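Please open the model in your viewer and keep the selection tool at hand. Each stop on this tour names something to select and then says what can be found there.

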Amino acid sequence: MYICICKGITDKTIRQAVADGKTFKMLKRELGLATQCGTCIEAAVTEYQQALLAEQVAASVRPHEVIAVQQVA
Ligand code: FES
């Protein structure tokens, strides 16, 4: 889904950028996210925050914990 129509930036692009360790400021500078008309800023920030949270949750779960949960279930 497109988040920033002006620059053709999708939610997938933002998620990948977060996975690559990019900050929101870097997305603005490198991709031009929310730098033209600016109407996408709220959606862009929300998408960025959700992607960041998902990365943090994924990083906090260790593989052996996933296996232990799967064995209990
Ligand atoms: S829609 Fe993102 S700057 Fe216009």
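Before the first selection, one term is needed: a crossing of two helices is called right-handed if the near helix is turned clockwise from the far one by less than a right angle, and left-handed if it is turned anticlockwise. Keep in mind throughout that what you are looking at is a predicted model.

**The whole chain**

Begin with a cartoon view of the chain, whose secondary structure comes to four helices and two strands. Following the chain from its N terminus, you meet these elements in the order β-β-α-α-α-α. Of the 73 residues in the chain, 18% are buried. If you take the contacts with a separation of 6 or more, 59% of them join residues that are 24 or more positions apart.

**The crossing of H1 and H3**

Now select helix H1, residues 11-19, together with helix H3, residues 41-60. Two packed helices are described by the angle between their axes and the distance between the axes. Here the axes of H1 and H3 come within 9 Å, and they cross at roughly 45°. An angle between 35 and 65 degrees is neither roughly parallel nor roughly perpendicular, and therefore H1 is oblique to H3. Which hand does the crossing of H1 and H3 have? In the sense explained at the start, the crossing of H1 and H3 is right-handed.

Show the side chains where these helices meet: from H1 these are Asp11, Ile14, Arg15, Val18 and Ala19, and from H3 they are Glu47, Tyr48, Ala51, Leu52 and Glu55. Val18 is a good residue to pick out, since, leaving aside its neighbours within four places in sequence, Val18 is in contact with Tyr48, Ala51, Leu52 and Glu55.

**The two sides of H1**

Keep H1 on screen and colour its buried residues, which are Ile14, Ala17 and Val18. When you look down the axis of H1, these buried residues fall within an arc of 100°, so they line one face of the helix. An α-helix has 3.6 residues a turn, so residues three or four places apart point the same way. Turn H1 to the face away from its buried side, and you will find the exposed residues Lys12 and Gln16. Among the elements that cover the buried residues of H1 are S1, strand S2 (9-10), helix H2 (24-31) and H3.

Next, select Ala17, which lies in helix H1. Why does Ala17 count as buried? Ala17 has 20 C-beta neighbours inside 10 Å, and a residue is buried if 20 or more other C-beta atoms lie within that distance of its own. Not counting residues up to four places away in sequence, Ala17 touches Lys22 and Leu27. A distance to try in the viewer is the one from Ala17 to Leu52, which are 35 residues apart along the chain while their C-alpha atoms are separated by 9.7 Å. Just beyond, H1 is followed by Gly21, whose phi is positive, near 85°.

**The nonpolar core**

Select the largest nonpolar core, which has 12 residues: Ile3, Cys4, Ile9, Ile14, Ala17, Val18, Leu27, Leu33, Ala34, Cys40, Ala44 and Tyr48. Strand S1 (2-4), helix H1 and helix H3 each supply at least two residues of this core, and H1 gives the most to it, with three residues.

One member of this core, Ala34, deserves its own stop, in the loop between H2 and H3. Ala34 counts as buried, with 22 C-beta neighbours inside 10 Å. The phi of Ala34 is near 60°, a positive value in a residue other than glycine.

**Two exposed residues of H3**

For the last stop, select Gln49 in helix H3. Gln49 is exposed, with 12 other C-beta atoms within 10 Å. The C-alpha atoms of Gln49 and Arg15 are separated by 9.6 Å, although these residues are 34 residues apart along the chain.

Then move to Gln56, whose place is also in helix H3. Is Gln56 buried or exposed? Gln56 is exposed, with 10 other C-beta atoms within 10 Å. From C-alpha to C-alpha, Gln56 and Ala19 are 9.8 Å apart in space, and in sequence they are 37 residues apart.

Notes:
Residues are numbered from 1 along each chain as its sequence is written. This is a predicted model: local features need pLDDT of at least 70, side-chain atom pairs count only at pLDDT 80 or more; totals for chains, interfaces and linings use all residues. A nonpolar core is a set of buried Ala, Val, Leu, Ile, Met, Phe, Trp, Tyr and Cys residues joined through C-beta atoms within 7 Å. Two residues are in contact if their C-beta atoms, placed from the backbone, lie within 7 Å. The arc is that of the directions from the helix axis to the C-beta atoms. Axes are lines fitted to C-alpha atoms, for helices over the stretch in contact, and angles run from 0 to 180 degrees between N-to-C directions. Angles under 35 degrees count as roughly parallel, over 145 as roughly antiparallel, 65 to 115 as roughly perpendicular and the rest as oblique.
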